[in-house]
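Have your viewer ready and follow along, one selection at a time. We will begin with the whole chain and then move in towards single residues.

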Amino acid sequence: MPTFPMPIERLLPQRPPMLLLDRLLSCTPTEGAADALVAPGNLFRLPDESIHAAALFELMAQAYAAVHGYQNHLAG
C-alpha cells in the first residue's frame, strides 16, 4: 500500500497549469485530505494574492478525484 503523502500525479490526469493539488495526505473509504499551494504565477492567483473563486470548485473536484483515484489504485 502506498504511503502518504502520496504524489498527486499518480492519481490525477491534470498537469500544470490546471493541476492545483500537490499531494493526497490521507484517504479512507468515506473521506480524504489533500494539500494545495496556489503559487504566484498560477492562472487562478489574483493580483491581490487571493485565488479566484473558480479555483475552489476545481480544488474540490481534484480532491474528490484524487480520493477516488486512490481507492481505484488500491482496488487494482
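**The whole chain**

Colour by secondary structure to begin: the chain has 1 helix and 3 strands. Followed from the N terminus, the elements come in the order β-β-β-α. Keep in mind along the way that this is a predicted model.

Now zoom out and align the view with the principal axes. The C-alpha atoms fill a box of roughly 40 × 20 × 15 Å. Switch on the surface next: about 5000 Å² of the chain is exposed, and 61% of that comes from carbon and sulfur atoms. Of the 76 residues in the chain, 28% are buried. If you draw contacts between residues at least 6 apart in sequence, 47% of them join residues at least 24 apart.

For a look at the charges, select the 4 positive and 7 negative ones; their mean positions lie 9 Å apart.

**The helix**

Select α1, residues 53–75. It has 23 residues and reaches 34 Å from its first C-alpha to its last, close to the 33 Å expected at 1.5 Å a residue.

Which residues of α1 are buried? Show these as sticks: Ala55, Glu58, Leu59, Gln62, Ala66, Val67, Gly69 and Tyr70. And what covers them? The cover includes the strands β1 (6–7), β2 (21–27) and β3, so add those three to your selection to see them against the helix.

Stay on α1 and pick alanine 54, which sits in this helix. Is alanine 54 buried, partly exposed or exposed? Its relative accessible area is 34%, and because buried means under 20% and exposed means over 50%, alanine 54 counts as partly exposed. Try a distance label here: the C-alpha atoms of alanine 54 and phenylalanine 44 are 7.7 Å apart, while the two residues are 10 apart in sequence.

Then step just past α1 to glycine 76, where phi is positive, at about 90 degrees.

**A stop in the loop**

Go back to the loop between β3 (32–36) and α1, and select asparagine 42. Why does asparagine 42 count as buried? Its relative accessible area is 17%, and the cut-off for buried is under 20%, so asparagine 42 falls on the buried side.

To finish, show what lies around this residue. Setting aside neighbours within four places in sequence, asparagine 42 is in contact with Pro17 and Leu20.

Terms used:
Residues numbered from 1 in each chain as written. Predicted model: local features only at pLDDT ≥ 70, side-chain atom pairs only at ≥ 80, totals over all residues. Heavy atoms only, no water. Helix = DSSP H or I, 4+ residues; strand = E, 2+ residues; numbered from the N terminus. Buried < 20%, exposed > 50% of the residue type's maximum accessible area, 1.4 Å probe, protein only. Contact = heavy atoms within 4.5 Å. Areas by Shrake-Rupley, 256 points an atom, 1.4 Å probe, with all protein chains shown as cover. Lys, Arg positive; Asp, Glu negative; His and termini not counted. Charge placed at Lys NZ, Arg CZ, Asp CG, Glu CD. Expected span 1.5 Å × (residues − 1).
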